[in-house]
Amino acid sequence: MINQSPINSNGNPQVTATLARRAKKGRLNIIGVSSGYHDSACCLLQDGVLVAAVQEERFSRVKNDRSFPTRAFAYCLREGGITIADVDCIAYYEDPVLKLGRQIWMSFMPNLPVERRESILDRMAATPPPQMIRDVWGYEGRVEILDHHLSHSASTYYFSGFNEAAILTVDGVGDWATTTYGSGKGPHIERFEQVDFPDSLGFFYSAITGYLGFEVNEGEYKVMGLAPYGEPEYVDQIRKLVEITSEGQYRLNMKYFGFLTEDCMYTQELVALLGRPPREPESELTQYHMDVACSAQVVLEEIMLEKTRYLHSKFPSDNLCMAGGVALNVVANGRCLREGPYKRLFVQPAAGDAGGSVGAAAMAYVRVTGEPPLVKSLEHVYLGPANSVSEAYKLLKASSAKFQDFRGKEEELIKFTVDQLIQGKVIGWSQGRMEFGPRALGARSILADPRRLEMRDRINALVKMREAFRPFAPAVLESEAQNHFDLHHASPFMLETCDVISSIDLPAITHIDGSARVQTVNAKTNPRFAALLEEFYRRTDCPIILNTSFNLRGEPIVCTPIDAILCFTASQIDLLVLEDFVLDRSGIPPFWEVTSLRVKGDPNQIVEHSVYTLL
Ligand SMILES: [Fe+2]
């Protein structure tokens, strides 16, 4: 059994004591960092409270940006009102030495093509992020290195509100582990078993994602969304990809997987097994593709269910905490909760590697103080930058946009916006602090009337340009949720699917199997969004609004007022509600159209510069 906390094996005891003293005075600043593989991010844990967290992609505008998160770091310092001199500890979310071991192992694979070996060697030769914390940021203080899956474990357990829980982490790969089984009790996290690379449920699902013509590490949601359209016709074949072995273990049948030696996740053996060629990206989706997606989803759910039962046998508890990219498969989670032994489930909203930064910071806090971070349960993820109202005003004013100014008139703003929703308008809604994690939860959202069937196609045509089969999600007033969905607790992070039981016809947010991925909203965590839902409810008897992320296809969710205006301009969204200002399409000045075209044509253009010259 590996005891993962709270002993700090790396830290200098004197420094630890000093930090513990500072923590008692309430001035402990810990930065968490994830970087280098997928979705880099930074967070700030200040006096044990998570005060800021953001992905680098939101600043760089590169989707899933994995580069060293300098802009996210700068934001966290700004948000905390501190400088780098005030940072007591920087916690990095994975161990580069362990990771290097895996990379060396991979570089020795027989029959490895030269280009593939060179690519691995290039990655091995890159400066490890903990060194970049010194070299690039010039930070001379304490750096804590965490194990990748320990960061995932901490990111969920310490923010769950549970005093004890079983912990399951499942992803593609961290350093070596791909799945871990553990428990949390008070401030202690223990891991008692792990599955190591190359056996990986994340890569199993990614291989099917690639075979179905979707982008690996991005299109897994699409496979999950496609699955209900299909039948499990290929379950027998797909079961051959993963052998369930004893205890928590499983084995991938590597003859079907190409990720060790090729640039492709799957091999021709998989193509032969399924009997049809892989789908070309963007080509037509047929019933066959839906059946394969359904079969893969069924197999994943079977394994997840069995392994959660196993975890319960090792650590009986009513509570389960999950993180890692596979934990974003909300359909599998729902089945584990319904059919498995646990009564309560908490999934870290940023379950992927971005959330590792939060777990790393939390674990470092525990090591310093011996106490868990000061959170009872994570109530919201509005942890990113706030819109600057004055910046938004100056941008609109300086560019001669025609807009309505509702400053000091929030009630009128809400009424006006609801009027527009009822009229069938698609609305870009950018308010307050941005969400951390992959979901838009009413801070950087596109909103529409869920009762109108045409909204799904309209939003896809206007802005998302995405596959028509993918469902949109509902935001619902928390107090009304159980009257419309088979859901008996709050679901603030859109991480659960449940059946739609509403007497209202909700075609725009109801998936083909009668389910929806629900976000519950209350006035405590997002008062303006709750007020919008209340007014919509008052006017229509429907306390539900369609909510999808505010971004163009392939782009990160908008962050700043400039991003919101450019996305509004480049799309065909009807109306932009940016803080207290409302802009319709007739108010867009030609300047914005030119700018958005320039940005789209050349992603390297530094648009902020040209825009700010106006101010
Ligand atoms: Fe991970």
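How far apart in helix H7 are His-148 and His-152? In this predicted model, the two histidines are four residues apart in helix H7, which spans residues 148-157, and they are therefore separated by about one helical turn. Both residues belong to the set that coordinates an iron ion, and the briefing below takes up that site, then the cysteines, and then the surroundings of strand S12.

**The iron site**

- The iron ion is coordinated by His-148 and His-152, each through NE2, and by Asp-171 and Asp-353, each through OD, at 2.1 to 2.3 Å.
- Along the sequence, the donor residues follow the spacing H-x3-H-x18-D-x181-D.
- The angles among the four donor atoms run from 91 to 166 degrees, and the site of the iron ion is irregular; a tetrahedral assignment is ruled out because four donors count as tetrahedral only if all angles lie between 85 and 135 degrees.
- His-148 counts as buried because its relative accessibility is 1%, and His-152 likewise counts as buried, with a relative accessibility of 0%.

**Cysteines without disulfides**

- The structure holds zero disulfides.
- Cys-76 is in no disulfide, and the nearest cysteine sulfur, which belongs to Cys-42, is 5.2 Å away, whereas a disulfide is a pair of cysteine sulfur atoms within 2.5 Å.
- With a relative accessibility of 0%, Cys-76 counts as buried.
- Cys-542 is also in no disulfide, the nearest cysteine sulfur being that of Cys-498, at 15 Å.
- Cys-542 is buried, its relative accessible area being 0%.

**Strand S12 and its neighbours**

- Strand S12, made up of residues 319-323, is mostly covered, since five of its five residues are buried.
- Asn-319, Cys-321 and Ala-323 point one way from S12, while Leu-320 and Met-322 point the other way, and all of them are buried.
- S12 pairs in the parallel sense with strand S7, residues 164-170, over four bridges, and within this part of the model Ile-167 stands opposite Cys-321 of S12.
- S12 also pairs with strand S13, residues 344-347, in the parallel sense and over four bridges, with Leu-320 standing opposite Leu-345 in S13.
- Together with helix H13, which covers residues 330-339, the strands S12 and S13 make a right-handed β-α-β unit.

Terms used
Residues are numbered from 1 along each chain as its sequence is written. This is a predicted model: local features need pLDDT of at least 70, side-chain atom pairs count only at pLDDT 80 or more; totals for chains, interfaces and linings use all residues. Side-chain values use heavy atoms; hydrogens and water are left out. Donors are N, O and S atoms within 2.8 Å of the metal (3.2 Å for Na, K and Ca); water is not among the atoms, so sites may look incomplete. Four donors count as tetrahedral if all angles lie between 85 and 135 degrees; four count as square planar and six as octahedral if opposite donors are over 155 degrees apart and all others between 65 and 115; anything else is irregular. Buried means under 20% relative accessible area, exposed over 50%, partly exposed in between (1.4 Å probe, protein chains only). Two strands pair if DSSP finds at least two bridges between them. A crossover is right-handed if, with the strands pointing away from the viewer, the path from the first strand over the helix to the second runs clockwise.
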